[in-house]
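Please open the model in your viewer and keep the sequence panel beside it. The tour below proceeds by selections, each followed by what is to be found there.

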Amino acid sequence: MPGLFVAIEGIDGAGKTTVLERLARMLPGVCTTREPSGSPVGALIRSWVLQGGTVDPRVDALLFAADRIEHYKREIEPMLREGCTVISERYVESSIAYQGAAGVPVEFIKLVNSAVPRADLTVILDVDPGTALARIGRRDRAEKYERGDFLRRVREIYLMRAREEGYLVVDAGRPPLEVAREVAEIIASRLRLRTV
Ligand code: TYD
């Protein structure tokens, strides 16, 4: 049986990286990955898009989608085929929330992402942008999207999508270990369901 595909979503500073690291230690058979990926398109996104180089947010949506198709085909799909529980830090919902908040119509974003399948489970780490930005403040310099007003819109879209699609929302204002325990329990119960 192919592995379970989990996407962990949330605004910058929600603690996704730390939670993913802990999940990989808590659960057996986990492969972690992230977007933007290590592909040349991912590198272009980091060096150009995230530094404010593009003039139209549709270009951002196209590049994130292109990176995602490469990421899915080259990394995610083979790991799932091997039976790994693949946990990706960010996936399609990042584009819907971020590029949507930047003004790209959701139908455009869905269309350019229609080449990749949905994740089996999407978990949104939800945190107040004030708390998130305070966390980011302790890291490197700010990237394009790391602004309070923008992240507030991104958060609203994530929460709206969670209501529409039934995604799980986890309170990420708590210590990462607590958040990781809750997410690990959710993933473990999904894995149990698949074996019965
Ligand atoms: P991030 O998770 O912050 O990576 P890093 O910690 O390496 O900087 O992701 C980079 C940024 O890209 C983040 O601000 C969210 C944004 N992003 C989008 O706008 N759309 C997308 O589809 C993805 C995957 C990321």
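## A pocket, then the sheet

Begin with the second largest pocket of this predicted model, whose volume is about 330 Å³. Select Glu93, Arg118, Ala119, Arg161 and Tyr167, which are the closest to the centre of this pocket among the 21 residues that line it. Colouring the lining of the second largest pocket by residue class divides it into 10 nonpolar, three polar and eight charged residues.

Next, show the elements behind that lining: β1, α4 (92–101), β4 (121–126) and α7 (148–165) each supply at least two residues of it, and the largest share, three residues, comes from α4.

From β1 and β4, extend the selection to the whole sheet, which is open and consists of five parallel strands in the order β2-β3-β1-β4-β5. Which strands stand at the edges? They are β2 (30–34) and β5 (168–171), and because each has a single partner strand, one side of each is left without a neighbour in the sheet. If you look along the sheet, the twist from one strand to the next averages 25°.

Now move to the edge formed by β2, where five bridges join this strand to β3 (residues 85–89), the two running parallel. Selecting threonine 32 together with isoleucine 87 in β3 shows one residue and its bridge partner.

Finally, add helix α3 (residues 57–81), which lies across β1 (5–9), β2 and β3 and runs at about 170° to β2.

Technical notes: Residues are numbered from 1 along each chain as its sequence is written. This is a predicted model: local features need pLDDT of at least 70, side-chain atom pairs count only at pLDDT 80 or more; totals for chains, interfaces and linings use all residues. Side-chain values use heavy atoms; hydrogens and water are left out. Two strands pair if DSSP finds at least two bridges between them. Helices (H or I, at least four residues) and strands (E, at least two) are DSSP runs, numbered from the N terminus. Axes are lines fitted to C-alpha atoms, for helices over the stretch in contact, and angles run from 0 to 180 degrees between N-to-C directions. Contact means heavy atoms within 4.5 Å. On a 1 Å grid over the protein atoms alone, a cavity is a set of points where a 1.4 Å probe fits but cannot get out, and a pocket is an open set with protein on both sides within 12 Å along at least five of seven lines; lining residues have an atom within 4 Å of a point. Grid points are joined across faces, edges and corners, and a volume is the space filled by probe spheres set on the points. Ala, Val, Leu, Ile, Met, Phe, Trp, Tyr, Cys and Pro count as nonpolar, Asp, Glu, Lys and Arg as charged, and the others, Gly among them, as polar.
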